[in-house]
Structure formats: C-alpha cells, structure tokens
Amino acid sequence: MRASLFEKVVCGYFAVLFLIYLAVLGVSPVKPEGFVWGVSTIGLPAFELAFFCILTLTLWRLRSKWTRYLVVLGCIFFPAVVGSFYLVQFISIVTSGRYITVLAMENSGEVAYITNTTTIALCVGMVSLIATIVFFSISEARKSTPGQFAGRSAIVGFALIFLMGIGYNERDRFVDHANNLGIPISLDTSFAPAIGMHKTYRKFSKVRFDANRIVKFVDDVASGDVESPFYVDVTADYPFQQTSLRSGPLPFVVKASSEPVNVIVLFLEGLSARALGHYGGPYVDLTPNLNRFAEQAVTIDSYYNHTAATYRGIQGSLSSGFPLAGGAGGWESSQDRLGGLSAISYATLPKILDKRGYDTKIYSPHSETRPFDDFLRAVGFEQVVTPEDVVPDNPPDFLSDRDLFAAMADDLQALEQSNNQTPFFWASYNIGSHAFLNTPSGAASYGDARNAALNRFHELDASLAAFLDAFEASTFADNTLLVITADHSSYAEPPVVEAFSDSAKFTTHFIDQIPLILHIPGVVEPMRFENGVRTSLDLTPTILNMMGVTEVEHAFLGTSIFDTQFRPEVNWGAIGRGFYRIDQTGVSFVKEDDASTQEKIVGSAIMYYNQLELEDKIFDPRL
C-alpha cells in the first residue's frame, strides 16, 4: 500500500525535528554537561522520534468513518507534544547551553528574559511545523479512508511499537551485554529531548521525601550513631530551634558613632566573585566601583552561595536554611500555594531586627502585583519598595538597576535630613544583572559590547555608584554595617562561559564563590578574612555576630564566619533536591548512587529540614 501524503508529511516532520536537534547542538558554543556525540545523544533521540513517528502512522491507519476525527486528534496530539518538548529543549540549549533543568522549570515565570530573535525564530518554526501536521491531517482525513491493507499495516505498526517498548525497558541489559562483549557503550536517557523532559518534569513535580531515609537519620542521631552536620534536637517539637548563636571573637573592633548599628544588605543578582577584579577576576576594569569599595573594606574569601535561584537564595541567606520552594511550583504557582508558604514560620534577619525596634525595608525591582513582593513580606520585611513607589505616575514593569539604586540613594539622603533616630535594616535586590539579559539602551557596555554578561555586570557596577557615593558621603557610614553580596552565583549561560571559563575553579554548576564585602563602622584598615569554606548559610549569623547579638531564638543551620573554632574544609549546597559538595578544589555535584557516607548524612539532614518545612516545624511561630 502506497504511503499517503499525510504519512509522508509525518515522516518529514520527525526527520526535520531530528535535523534541527543536530543543528542546534552542533552550533551551540556550550554543550550540556557530559555531552559527547554518541549513542545517547544521537541514537536515543533518533529512537524516540522513530517511536512517535511509527505510533502516529499506525494510529492514522486505524481511521474509519466512525473514528476518523478521533484518529485525527491523536495524529495531531503526539507530533505536537513531541515537537513542544523538543522546542523547549532547543530553547534551553540555545540560551543556557544545557537541557532543561528542574531549576529552569521553577523559574518558568521569567521566560521573558530568554525572548530574543533566536528563540522567537525557533517558536515560529515549530508552530509552522505543527500547523503543517494539523492542515494535512484534517484535509487528508476528509479526502480518503484506509484501504484493505490498513489493518495489516496497523498490526505491523503495533508490533514495532511493542518491540521498541521492550527494547527501551531492557536497555540496561543490552548495554551490559555489549560491554561484556567488549563494546564500550553507555546510555543516558537525559540526552533524549522528549524522555529527558519527562524525567525532569517528574523531578520537578515530586513532593514526597524518602520517609525511610528520614526516619533512619532521626533514629541514628537520637542513638548517637550519627552526628548531624547541623545542630538538631530530634526530640524537640522544633528540632532545629536554638536559643543562642555560635559566634566567635571578631578580628576587628566595631566602633559605631551611635548604637544600635544600622544594617544594609545589597543582594546583587547573579554575581559570582570571579566577575570582580578584587577577587582575582580576569577583567580588572569590569567593576571599578565595587573594586574601589572592596579595597577599603573587609573582604571574605572562599564564600559560596549555598542555594539558588533568587527565592531560595534570599530566603536561605536571611533564614540560614535550605528552603525547598522556588518560583514556579512554589511561590509563583498559585495564591493558595503562596499563602501556604507564607504561613511557614522561620526566624529571619528582618524578623529578628523588627522585634528589636528596627524599621525593615527592601527595594524590589518587581511590580507590586508580582508574587515576589509577597514573598519578601513573608520573609519579614515590613516595607517593600516597588516600581509603583519609585515612579508612581507611570510605573514600569520593573525598575532598572540605575533607578533602583538611585531611589535608595535619595531615600538615604532624605532619612539623614529627617534626623530620624530609629535604627533601620534595609536590603535590596536588583534585576538588571539577571541571566539572559543584555543592558538596556543607553546603559554602560563593556569593551566591544559583544558579551551580554560582561555588559550587564559593568552596568550593575555603574548603577551602584550613585548609592555607594551617597552612603560614603553620609553620616550613616559611621554607624551602619553595609554588606555587599549576591543572591546566588552567575548562571553558566553561554556568555558567562565564554567570558570566564578560563578563570580559576570555573564551574558550570549554579554554586560558585560569590562576593561578601563588609563596610564595618570603625574599621578603617582594609583586610581579607578566610575561615575555611563558607557559604551564604552563614550570612545572617555573621551579621548578628558583628552586631553583638548572641542570645536570640533562631533555627539557623549556619554559624558566624568569625567563629574560628569551626573551620570547615568541606561545605554543602542544595538547589531543590540537587546536592553539591564544596571544597578547596571547587564545586562538584553529588550523585546519590555515588555519595559517600558523609555526603549521605548531610543529604539526609537537609531532607529532614525540608520535611519539617512542610510540617511548619522549623521555628515556633509563637516566639
């Protein structure tokens, strides 16, 4: 039986998908981690596309007078879904150099950041391909019905589908057999775009923890067989809750002109320490204002982000914990989910300082209609400054870095003139240095302006100048602790890889060394300080240590960086369910099957913390 026009279109559709896949990976300057051309990256995608092609063709042969339109729907559905999966993977590879990750799914609300000519062209092309399938399936279904050999063809098709299904399920046995015969092959289904997309989504949507692993950890800690990497009393109602801070003698003397000391924390979006010349970065003139400020301040070395992306980074830093919830699927998923997460009790820096009489405020670039601002209020900030506050007559969708830091500078000067003596804790989060963005028109650019990452870091530095100049010229410089850090490290998108891949300990993981620069009242001599491998888990305990606060109810997993009795040679990061080891050699991803005993214990402790989050048992809300 001759193939119909629609069947030829279907075969062409899946063939074109495969060719586009090869082309996208071929031209991508950054390949997914572990990528090599071979069975996993060529054979598996071809296999899955062939499977869905045969499935669609077989379904087409089943059409009849009564099933015609149901069959048409199926013949549109399977190619469209597979095409959509491939489109997502194409865009992910083009923009980030990797297949889609759980973290990317969690940040799906930021899709506007990856909208450019290339991604639009991919979307238009995929829509055109799917439209071709729709057109020919409907037109051919109206004109023809199956011939006498259709039943036989369908039987052959189903037989092939069955055999391919068995082959896929038994793939590990085939690989082992091939290896025993001396044929060195391996299969990683993550490299098959449709299968990999499904696997990633299952991880993204998974909400349950390994109950047996948590019970074993609790029992082992209770019996003394295992020492928890963090303080925990597994017999308490709130196991991580404590009444005092682990701190140490400061290597300097804080001499504020007045007490209590004010606090300002700048969470710079997605900035790794390697972007600063002060930290040995390859571009000494990329961040001149930050370099100048750091050269007069206290610099903390070997300091890494312990989580990502922004939601976890800010909450984890201010609560000294490993929050599980991110953006999509978490704070941005629904009003009910937002309300549920907001109800979980944590001890955070703004909440602690609020109880001590501080005004707490954070500057957000996002419109007040975004869930992000509700998140910041849940973290404990009394006031969230949004674009509606800065530009009330015609608020933009988000504040540029220049507008945000200029607003902070204006408010600082106004506060100084008001002579208001109430202590304050201010923080900020900017958006202009976010991954995938380039600088807006009229902004600063770096060098030949071809690298988007260098452009936005340079513009961030230029934007900071207004606030840093205002701060240093004010009386607040004498009684305010100013902390410059990042919400997390720079995401290893292609421009970042291109700019920094030759720098020391470069990693494509979303855990990296980030800046921690401290302006401390009374400390006039610049200094650098390192106390083992430290992370942003230690940020809030460190700030409270510098403020002289030692007795306070909290549930911090971190300790003060200045506690020299604790000098970790190894530390840990967690992004959702992804787990990372950080040591003097750099950052490595911990695979569960290959984890050491120590790594399994730390992973279980973090899992226990996340389970207690779901039960609202991190910190007693009555305190």
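The largest cavity of this predicted model holds about 50 Å³ of space, a volume being the space filled by probe spheres set on grid points joined across faces, edges and corners. A cavity is here a set of points, on a 1 Å grid over the protein atoms alone, where a 1.4 Å probe fits but cannot get out, and lining residues have an atom within 4 Å of a point. Over the whole structure, three cavities of 30 Å³ or more are found. The lining of the largest cavity consists of Gln315, Trp331, Leu341, Ser342, Ile344, Tyr346, Lys351, Phe375, Ala378 and Val379. Helix 13 (335–342) and helix 15 (371–379) are the elements that give two or more residues to this lining, and the largest share, three residues, comes from helix 15. Helices (H or I, at least four residues) and strands (E, at least two) are DSSP runs, numbered from the N terminus.

Because the model is predicted, local features need pLDDT of at least 70 and side-chain atom pairs count only at pLDDT 80 or more, while totals for chains, interfaces and linings use all residues. Residues are numbered from 1 along each chain as its sequence is written, and side-chain values use heavy atoms, with hydrogens and water left out.

Strands 13, 14 and 15 form an open sheet in the order 13-14-15 with antiparallel pairing, two strands being paired if DSSP finds at least two bridges between them. Strand 13 (570–575) and strand 15 (586–589) are the edge strands, and each pairs on one side only. From one strand to the next the twist averages 25°. Strand 13 and strand 14 (residues 578–583) run antiparallel and are joined by six bridges; Arg581 of strand 14 is the bridge partner of Trp572. Helix 21 (residues 597–614) lies across strand 13 and strand 14, at about 125° to strand 14. For such angles, axes are lines fitted to C-alpha atoms, for helices over the stretch in contact (heavy atoms within 4.5 Å), and values run from 0 to 180 degrees between N-to-C directions.

Arg581 also forms a salt bridge with Glu599, with the closest N and O atoms 3.5 Å apart. This pair links strand 14, which holds Arg581, to helix 21, which holds Glu599, across 18 residues. Both Arg581 and Glu599 are buried, where buried means under 20% relative accessible area, exposed over 50%, and partly exposed in between (1.4 Å probe, protein chains only).

In total, 19 salt bridges are counted, each defined as a side-chain nitrogen of Lys or Arg within 4 Å of a carboxyl oxygen of Asp or Glu. Asp469 and Arg292 form one of them, at 3.8 Å from N to O. Asp469 belongs to helix 18 (residues 452–473) and Arg292 to helix 10 (residues 288–294), so this pair ties together parts 177 residues apart in sequence. Asp469 is partly exposed at 43% relative accessibility, and Arg292 is partly exposed at 28%. Arg292, Asp469 and Glu472 are linked in a network of salt bridges. A further salt bridge joins Arg450 and Asp448 at 2.8 Å, N to O; both residues are exposed.

Helix 20 (residues 539–546) is mostly covered, with eight of its eight residues buried. The buried residues are Leu539, Thr540, Pro541, Thr542, Ile543, Leu544, Asn545 and Met546. Gly548, just after helix 20, takes a positive phi of about 85°.

Methods. 1 Å grid on protein atoms, 1.4 Å probe; cavity = no way out; pocket = protein on both sides within 12 Å on 5 of 7 lines; lining within 4 Å.
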